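Here is a short report on a single protein chain. Overall build comes first, then one residue in detail.

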Amino acid sequence: MTRKVIQVALNGVTGRMGYRQHLVRSLLAIREQGGIGLDDGTVLYPEPVLVGRNEDRLRAIAERHGLPRWTTSLDEVLGDPDIDVYFDAQVTSARGTALARAIAAGKHVYTEKPIAASAAAAFALAEAAKTAGITHGVVQDKLFLPGVIKLRRLVREGFFGRVLSVRLEFGYWVFDGDGMPAQRPSWNYRAEDGGGIVLDMFPHWHYLLEDLFGPLSSVYARRATHLPRRWDEAGEPYEVTADDAAYAIAEFTSGAVASVNSSWAVRVNRRELLELQVDGTHGSAVAGLRNCAVQHKVSTPMPVWNPDLPDPLDYRAMWTDVPDNGEFDNGFKAQWEQFLRAAARGAPFRWDLFAGARGVQLAELALRSSDESRRVEVPA
């Protein structure tokens, strides 16, 4: 059995997502399982090279996991011909420039979202990657969630009949940092640093909604800053300059309608932090990160509005959970395996930078809709 090493430069592993999901639960987990089997019998084995700005934190992570190579010099890794892939999980404001440099250096690139702060910059990166002939991809982790996999199965098998509407609810209460530490970094709430829930989450909603239900045709959105003052990691107060909530109505080319609520200022009263309810002519489903429950038309109750008496129906008890029918791997890891297979062959990747750019475009259109108080068409 032949082992083929693929060296991956990881920029941003000192952050929570870069460290936990991409390094530990993806690349290191792939190494622990012995690599990735290719069709020709070769085993692809990733070798992480850590890149970042904080020397002490990089050294600590490398020593913790026995990784021999780390550096604070992006020039070093981009100039190294043995580095095959560049991955970016930095703050949004730093990502576009670093990706452009990696593309110019001829590296295959894989990146978190948003890939840039504007649609124009995002599409420019995608065009540059296409011209360079490299493999390029964007993380679209929510497509690999067990609940979404189950929901996709229902859609593909025609469970819903004609889809009428989708309701997406996402969010939780992010503490403002006064007394109780915030569970998200302060840059998320500064527009000048690439923060804001629209730019952060709408690229996710774009790929998630379109993968399940087809192209979007329009969006109407309202963004809000519900908590205008927060406290940073040093306990210092600062003024919030980015949106922490957004409420949108999106239309699909099929005629279905989606309501999309995203908020870091909402207290959770649902099964999971992300929840999608889909209603169709033949049935409905409610899916989250792991769970998916259904109600077919033959088992739909007949509610009667009568506020004078207690409602005798236990509505939640009338839904049935969709079984797992298999094991689900970590979604980030599953997509990493697909990307590394493509990069090893120099082949196109399904979720490329153009997909990432379209997600940034939807965020930009939602911001324009909010600023101009109007419905905005989504280009085909």
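The text below covers the fold as a whole and then the setting of Q21.

**Overall build**

This is a predicted model. The secondary structure of the protein chain consists of nine helices and 18 strands. The radius of gyration is 22 Å, close to the 21 Å from the globule rule for 380 residues, so the chain is as compact as a globular protein of that length. Its C-alpha trace spans about 70 × 55 × 40 Å along the principal axes.

Buried residues account for 52% of the 380. Take the contacts between residues at least 6 apart in sequence: 70% of them link residues at least 24 apart.

**Surface and charge**

Carbon and sulfur atoms hold 51% of an accessible surface of about 17800 Å². The charged side chains number 43 positive and 48 negative. The centres of these two sets are 3 Å apart.

| Whole-chain quantity | Value |
|---|---|
| Radius of gyration | 22 Å |
| Accessible surface | about 17800 Å² |
| Separation of the positive and negative centres | 3 Å |

**Q21 in its setting**

Where does Q21 sit? Q21 lies in helix α1, which runs over residues 16–32. Is Q21 buried or exposed? Its relative accessible area is 15%, under the 20% cut-off, so Q21 counts as buried.

Which residues does Q21 touch? Leaving aside residues up to four places away in sequence, Q21 touches R16, S26, N330 and F332. With N330 there is also a polar contact: the two side chains meet at 3.2 Å.

Conventions
Residues numbered from 1 in each chain as written. Predicted model: local features only at pLDDT ≥ 70, side-chain atom pairs only at ≥ 80, totals over all residues. Heavy atoms only, no water. Helix = DSSP H or I, 4+ residues; strand = E, 2+ residues; numbered from the N terminus. Rg over C-alpha atoms; globule rule 2.2 N^0.38 Å. Buried < 20%, exposed > 50% of the residue type's maximum accessible area, 1.4 Å probe, protein only. Contact = heavy atoms within 4.5 Å. Areas by Shrake-Rupley, 256 points an atom, 1.4 Å probe, with all protein chains shown as cover. Lys, Arg positive; Asp, Glu negative; His and termini not counted. Charge placed at Lys NZ, Arg CZ, Asp CG, Glu CD. Polar contact = N/O pair within 3.5 Å; in protein donor to acceptor, adjacent residues only side chain to side chain.
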